[in-house]
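With the model open in your viewer, please follow the stops below in order, selecting each group of residues as it is named.

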Amino acid sequence: MSDFYKGYGQFYVSVDCVVFGINEGRLSVLLTRRAFAPELGKWSLIGGFVKPTESLDEAARRILHELTGLDNVYMQQVGAFGEIERDPGARVIGVAYYALINFDSCDRRRVEEYNGAWVDLSELPELGFDHPLMMEKAMERLRARFVSEPVGLTLLPESFTLSQLQALFETVLGKPMDKRNFRKRVTEAPCIEPTGEKDRVSSKRGAALYRFNPETYARDHKFKF
């Protein structure tokens with residue numbers, strides 16, 4: 001180590017993941033109840049320390065895989081959190097990410113092993129550390145991308161109805177949307193295309209099913225709500 005670095009303290013670096021999913025039609029976040037100090041017994045985001053051989057992104061992907069069993073998940077960095085007293089155990093710089101996953105594809109056995117649970121965003125318990133602030137910033141980033149990129153479609157099944165799509169937007173954005181205008185915008189987005197099939201389970205009349213076409217989106221990038 002160069003003498004230049006020896007005059008500075010060494011800190012821990014952690015990664016905390018805000019994992020979003022749709023559970024029974026409601027936007028939920030995956031939390032874990034801590035089984036060790038500090039903040040023993042409190043609910044928190046899933047996280048861990050960055051290993052010497054990992055980048056931040058690699059650490060985030062590893063932690064998410066350990067909890068959910070999933071790879072190749074949509075994930076974006078939220079930002080760094082470095083208040084001196086943010087972790088009562090030691091000086092820790094935390095870097096938050098948010099991830100969007102399909103609830104049904106998550107490995108429930110792994111979630112249980114980590115004392116995890118899906119919690120409705122409207123019913124969040126008290127969270128440890130500065131995780132409420134991380135949640136707030138993650139929602140801000142998510143909402144900003146939600147209306148200009150098709151990131152939210154990863155939360156839905158492969159085939160979905162327009163009612164399901166509108167409910168998702170209203171849940172994430174936290175406001176109602178006019179049905180006629182919403183459906184007009186859907187038809188203006190070539191990347192959302194009809195499958196030619198109908199949902200006979202949740203709709204008596206049979207609602208038309210749609211899907212996201214990534215190849216079409218890659219060509220025109222038309223997606224704005």
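**Salt bridges**

Before selecting anything, note that the count of salt bridges comes to 14, and keep in mind throughout that this is a predicted model. Begin by selecting Asp107, Arg109, Arg110 and Glu113, which are linked in a network of salt bridges. Within this group, look at the pair formed by Arg109 and Asp107, whose closest N and O atoms are 3.8 Å apart; the cut-off for a salt bridge is 4 Å, so this pair is counted. Arg109 is partly exposed at 48% relative accessibility, and Asp107 is also partly exposed, with a relative accessible area of 24%.

Next, select Glu149 and Arg145, which form a salt bridge with 3.1 Å between the closest N and O atoms. Glu149 counts as partly exposed at 26% relative accessibility, and Arg145 is likewise partly exposed at 27%. A further pair to select is Glu188 with Lys184, where the side chains meet in a salt bridge of 2.5 Å, N to O. Glu188 has a relative accessible area of 46% and is partly exposed, while Lys184, at 47%, falls into the partly exposed class as well.

**Helix α4**

Now select residues 131–146, which make up helix α4; its 16 residues reach 22 Å from the first C-alpha to the last, close to the 22 Å expected at 1.5 Å a residue. Colour His131, Met134, Met135, Ala138, Met139, Leu142 and Phe146, the residues of α4 that are buried. Seen down the axis of α4, these buried residues fall within an arc of 135°, so they line one face of the helix. The spacing is worth following by eye, because an α-helix has 3.6 residues a turn and residues three or four places apart therefore point the same way.

What do the buried residues of α4 pack against? Display β1 (12–23), β2 (26–33), β3 (43–49), β4 (74–81) and β5 (92–100) together with α5 (162–173), for these are the elements that the buried residues of α4 pack against.

**Helix α5**

Keep α5 selected for the next stop. Its 12 residues should span 16 Å at 1.5 Å a residue, and its end C-alpha atoms are 16 Å apart, in agreement with that value. The buried residues of α5 are Leu162, Leu165, Gln166, Leu168, Phe169, Val172 and Leu173. Around the helix axis they cover an arc of only 155°, which puts them on the same side of α5. Step then to Gly174, just after α5, which takes a positive phi of about 70°.

**The largest pocket and Ser14**

Turn next to the largest pocket, in which about 550 Å³ of space lies. It is lined by 28 residues, and those to select for its centre are Arg34, Phe36, Gly47, Gly48 and Phe49, which lie nearest to that point. The elements giving two or more residues to the lining are β1, β2, β3 and α2 (56–68). Which element gives the largest share of the lining? Strand β3 does, with 6 residues.

For the last stop, select Ser14, which has its place in strand β1 and is buried, with a relative accessible area of 7%. Showing its surroundings brings up Gly48, Phe49, Val50, Arg86, Val92, Ile93, Gly94 and Val95, the residues that Ser14 touches when those up to four places away in sequence are not counted.

Notes. Residues numbered from 1 in each chain as written. Predicted model: local features only at pLDDT ≥ 70, side-chain atom pairs only at ≥ 80, totals over all residues. Heavy atoms only, no water. Helix = DSSP H or I, 4+ residues; strand = E, 2+ residues; numbered from the N terminus. Expected span 1.5 Å × (residues − 1). Buried < 20%, exposed > 50% of the residue type's maximum accessible area, 1.4 Å probe, protein only. Arc of directions from axis to C-beta. Contact = heavy atoms within 4.5 Å. 1 Å grid on protein atoms, 1.4 Å probe; cavity = no way out; pocket = protein on both sides within 12 Å on 5 of 7 lines; lining within 4 Å. Points joined across faces, edges and corners; volume = space filled by probe spheres on them.
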